[in-house]
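Let's take a walk through this one together. Have the sequence and the 3D view open, and we'll go from a single backbone angle out to the whole chain and back in again.

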Amino acid sequence: MNNTSVALKDVRKSYGSLQVIHGIDLTVKDGEFVVFVGPSGCGKSTLLRMIAGLEEITDGEVVIKGRDVTDLDPSERGIAMVFQSYALYPHMSVRDNLGFGLRMAHTDGAEIGARVAAASAILKIDHLLDRRPGQLSGGQRQRVAIGRAIVRKPDVFLFDEPLSNLDAELRVSMRIEIARLHRELGNTMIYVTHDQTEAMTLADKIVVLRDGNIEQTGSPREVYEDPANIFVAGFIGSPRMNFLDAEWLGDGKLRFSGATMDAAISDKSLEPGDKLTVGMRPEHLVVTEPGAGEIAAKVDFAEYLGGTRFLYCQLENGQTLVVEQREGPDFTRDERLSLTIPAFRRRYFASNGKRLR
Ligand SMILES: Nc1ncnc2c1ncn2[C@@H]1O[C@H](COP(=O)(O)OP(=O)(O)OP(=O)(O)O)[C@@H](O)[C@H]1O
Ligand SMILES: [Mg+2]
C-alpha cells in the first residue's frame, strides 16, 4: 500500500496509575534505520517492547506493514529482537542457537541449514558454529544473537542497547558491522541506545525521548544543527553545547557576562528583560585577537588529545564553557582569551527551554 513499515498511533503505557509513555505518534519508513535515544528511564525500552509485543499497550495502536498488530503475539508481528544480554542457550552450539527459533516454528530442516549458513556468512561466524556460547568473546556472542534475528527473516529488526556490554573499541567496530548489516539486508531497523554517538552514526532518523515524550524527530544533522529545544541541544553532541545565561535587551541585542551581543531573534513573545540562554557548540567557538571577540574568558584547563584540544574556560561571571580546537598555539592556565562565534552558529532558548528563532 505505502512505504510505511511501523506506525505508532497515540501509544501510551501505564504501570498502575503511573504513566511512563505519554501518547507517542511515529512513522518508520520501509528500510529506515531509526534510533530511539534518551537518558536512562525515558521509556526507550518500554516503547521498543511495545512494538515487539513484549509489553502490553495501555492505549493506542501499533501497525506493522499495514497490519494492526496491537493485540498480536510477538511471534505474529514479523519482528525479531536483539537484546543487550545476548540470551543465548549455553548448552547449545552456535549452530543450534541460530536454528533454535526456526526449529520451534517447525521450519524444514534443509531450510534451517540454508538460513543458518547465510546468516553466519553475513556475520563471518562460520568458524564458530560448533562452539558453545561460553567459548566466545562478548563481540562474538553478540554476533550470534544478531544471527538468531537474521535467520528469522523479520520485516523489522528491534535492537535494545545491543552493544552496551562490549568494551569501547569493540563497540565501535560492532557499530560499523550493524551499519553494514543494515546496508546489506535493507530491512527496517529500530535501535535503542542512550549513547548519542551511536545514535548519530547509525540513524537515518533519530527520535529523542525524554520522560515518555518525543522531544524531536529528525536526521542526525537536523537534531544536531537545528535542535527544537534546549534538552535536545544539550543531549546531542559531545562535548555538549555550551549554555550561557543572558538577558534580552530588545532591538536585536542581548547581554551576558558583562558584554552585549547582537542576536537575530524575531520571536515576538520576547520582552526586554527576559532571561534566555545562548547555546554555542565547542567546535564553533573561535579564539580571536585579544579584545576582538564578544566573550572574555580565562583558561581553567587545557586538554590536549592530539588531533583535538579542549579548553575549559571560565567567564567573568563564573559560568564555564568548553572550546574545541583543531590547531593553534598552546594555552596555559589562567591565560585570558577573547572568543567569538559566528552569528549563524548561535542557538537561543527561552527560559522554558523552547528554541527561539
Ligand atoms: N514493570 C514496571 N513497573 C513500573 N514502572 C516501570 C516498569 N518497567 C519500567 N518502568 C518505568 O518506566 C520508565 C521507562 O523505563 P524504560 O526501561 O523504558 O527506560 P529506558 O529508557 O529503557 O532506560 P535505560 O536507558 O535505563 O534502559 C522508567 O521510569 C521505569 O522506572
Ligand atoms: Mg532500556
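Which residue follows α2, and is its phi positive or negative? It's H106, and its phi is positive, near 60 degrees. Keep in mind that this is a predicted model, so what we're reading here is a prediction's geometry. As background, most residues other than glycine have a negative phi.

Now look at the helix itself. Helix α2 covers residues 94-104, and its buried residues are V94, N97, L98, G99, F100 and L102. What lies over them? The cover includes α3 (109-123) and α4 (138-150).

Zoom out for a moment. The chain holds eight helices and 21 strands, and its C-alpha trace spans about 75 × 45 × 35 Å along the principal axes. Of its 357 residues, 48% are buried. If you take the contacts between residues at least 6 apart in sequence, 65% of them join residues at least 24 apart. The accessible surface comes to about 17,100 Å², and carbon and sulfur atoms account for 47% of that. As for charge, there are 44 positive and 50 negative side chains, with the centres of the two sets 3 Å apart.

Next stop, ligand 1. Its surroundings consist of Y15, V20, P39, S40, G41, C42, G43, K44, S45, T46 and E161. Helix α1 (residues 44-52) gives the largest share of this shell, three residues. Check the oxygen atoms of the ligand and you'll find one that is 2.8 Å from a polar backbone atom of G41. There is also an oxygen 2.8 Å from an N or O atom in the side chain of S45, and for the side chain of T46 the corresponding distance is 2.5 Å. Overall, the protein covers 57% of the 640 Å² of accessible area that ligand 1 has on its own.

One member of that shell deserves another look: E161. This residue is in the loop between β7 (156-160) and α5, and it has a positive phi of about 45 degrees although it is not a glycine. Is E161 buried or exposed? With a relative accessible area of 9%, E161 is buried, because the cut-off for that label is under 20%. D334 makes a nice companion, with a positive phi of about 70 degrees and, again, no glycine there. D334 sits in the loop between β18 (320-325) and β19 (336-340), and at a relative accessible area of 41% it is partly exposed.

Follow the chain into helix α5 (residues 168-185) and you'll meet R171. Why does R171 count as buried? Because its relative accessibility is 16%, and the limit is 20%. The side chain of R171 makes a polar contact with the side chain of D195 (3.3 Å). Leaving out residues up to four places away in sequence, R171 touches L163, S164, L166, D195 and E198.

Two loops to finish. In the loop between α8 (230-235) and β11 (242-250) you'll find P239, and the peptide bond from S238 to P239 is cis, with omega near -5 degrees. The other loop, between β13 (259-262) and β14 (275-280), holds D267. The side chain of D267 makes a polar contact with the side chain of S269 (2.5 Å). Not counting residues up to four places away in sequence, D267 touches K354, L356 and R357. D267 and A350 are 83 residues apart in sequence, yet 10.0 Å apart in space, C-alpha to C-alpha.

Definitions and conventions: Residues are numbered from 1 along each chain as its sequence is written. Chains are lettered from A and ligands numbered from 1 in the order in which they are written. This is a predicted model: local features need pLDDT of at least 70, side-chain atom pairs count only at pLDDT 80 or more; totals for chains, interfaces and linings use all residues. Side-chain values use heavy atoms; hydrogens and water are left out. Helices (H or I, at least four residues) and strands (E, at least two) are DSSP runs, numbered from the N terminus. Buried means under 20% relative accessible area, exposed over 50%, partly exposed in between (1.4 Å probe, protein chains only). Contact means heavy atoms within 4.5 Å. Accessible areas come from the Shrake-Rupley method with a 1.4 Å probe; for residues, only the protein chains shown count as cover. Lys and Arg count as positive and Asp and Glu as negative; His and the chain ends are not counted. The place of a charge is taken as NZ of Lys, CZ of Arg, CG of Asp or CD of Glu. A residue is near a molecule or strand if one of its heavy atoms lies within 4 Å of it. A polar contact is a pair of N or O atoms within 3.5 Å; within protein, one must be able to donate a hydrogen and the other to accept it, and residues adjacent in sequence count only if both atoms are side-chain atoms.
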